[in-house]
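Here's a walk through a protein model, one side chain at a time. Keep the structure open while you read and click along.

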Amino acid sequence: AGLSDEDVIAELTEIKGIGRWTAEMFLIFHLGRPDVISAGDLGIRRAIELAYGLDELPGPTDMERISDPWRPQRTLACLYLWRSLAATPT
């Protein structure tokens with residue numbers, strides 16, 4: 001719990017089969033870290049694409065830029081973004 005987010009990610013991704021996305025989900029749902037954005041999460045990428053009227057899924061650089069104003073509560077923003085997909089008609 002005393003490690004930084006990036007240190008936790010580094011430690012977890014040393015374990016075979018655990019990638020960055022899994023480590024970020026661990027930060028969000030197990031450690032309750034408040035400022036995590038998962039650039040590899042397809043749901044978050046799709047929700048940002050819809051919310052911002054983008055022509056395509058945002059890449060990691062775009063996600064960092066878009067999510068910067070949400071600091072230090074990017075985890076909460078992710079939860080809202082995931083929830084917005086449930087309310088979006090297909």
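How many salt bridges does the count come to? Ten, in what is a predicted model, so treat every value here as computed from that model.

Let's begin with the charged pairs. Asp35 and Arg71 meet through their side chains in a salt bridge, 3.4 Å from N to O. This pair links distant parts of the chain: Asp35 sits in the loop between helix 2 and helix 3, Arg71 in the loop between helix 4 and helix 5, and they are 36 residues apart. Asp35 counts as buried at 18% relative accessibility, because the cut-off for buried is under 20%. Arg71, at 40%, is partly exposed.

Now look at Arg74 and Glu64, whose side chains form a salt bridge at 3.3 Å, N to O. Arg74 lies in helix 5 and Glu64 in helix 4, so this pair ties together parts of the chain ten residues apart in sequence. Arg74 is buried, with 6% relative accessibility, while Glu64 is partly exposed at 36%. These residues also belong to something shared: salt bridges with common partners join Asp35, Glu64, Asp68, Arg71 and Arg74 into one network.

Helix 4 has a salt bridge of its own, between the side chains of Arg65 and Asp62 (3.5 Å, N to O). The two are three residues apart in that helix, which means about one helical turn separates them. Arg65 is exposed at 54% relative accessible area, and Asp62 is partly exposed at 33%.

What about a charged residue without a salt bridge? Try Asp41, in the loop between helix 2 and helix 3. Asp41 is buried yet has no salt bridge, and the nearest side chain of opposite charge, Arg45, is 8.4 Å away. A salt bridge needs the atoms within 4 Å, so Arg45 doesn't qualify. What Asp41 does have is a side-chain polar contact with the side chain of Trp21, at 2.8 Å. The Asp41 side chain also reaches the backbone nitrogen of Gly43 at 3.0 Å. Leaving out residues up to four places away in sequence, Asp41 touches Trp21, Met25 and Trp82.

Trp82 is a good bridge to the nonpolar side of things. The largest nonpolar core has 19 residues, and those with the most contacts inside it are Ile37, Ile44, Ile48, Trp70, Leu81 and Trp82. Helices 1, 2, 3, 4 and 5 each supply at least two residues of this core. Take Ile44 as a sample: not counting residues up to four places away in sequence, Ile44 touches Ile37, Ser38, Met63, Cys78, Leu81 and Trp82.

Trp82 turns up again in the one aromatic pair the structure holds. The rings of Phe29 and Trp82 have centres 5.7 Å apart and planes at 25°, so they count as stacked. Phe29 is in helix 2 and Trp82 in helix 5, 53 residues apart. Phe29 itself is exposed, at 55% relative accessibility. Elsewhere in helix 2, Ala23, Glu24, Met25, Leu27 and Ile28 are buried, and the buried residues of this helix pack against helix 1 and helix 5.

One last stop is Glu49, in helix 3. Is Glu49 buried or exposed? Buried, with a relative accessible area of 11%. Setting aside its neighbours within four places in sequence, Glu49 is in contact with Leu54, Asp55, Glu56, Leu57 and Pro58.

Definitions and conventions
Residues are numbered from 1 along each chain as its sequence is written. This is a predicted model: local features need pLDDT of at least 70, side-chain atom pairs count only at pLDDT 80 or more; totals for chains, interfaces and linings use all residues. Side-chain values use heavy atoms; hydrogens and water are left out. Rings of Phe, Tyr and Trp (its six-membered ring) pair if their centres lie within 6.5 Å; planes under 30 degrees apart count as stacked, over 60 as edge-to-face and the rest as tilted. Helices (H or I, at least four residues) and strands (E, at least two) are DSSP runs, numbered from the N terminus. Buried means under 20% relative accessible area, exposed over 50%, partly exposed in between (1.4 Å probe, protein chains only). Contact means heavy atoms within 4.5 Å. A nonpolar core is a set of buried Ala, Val, Leu, Ile, Met, Phe, Trp, Tyr and Cys residues joined through side-chain atoms within 4.5 Å. Lys and Arg count as positive and Asp and Glu as negative; His and the chain ends are not counted. A polar contact is a pair of N or O atoms within 3.5 Å; within protein, one must be able to donate a hydrogen and the other to accept it, and residues adjacent in sequence count only if both atoms are side-chain atoms.
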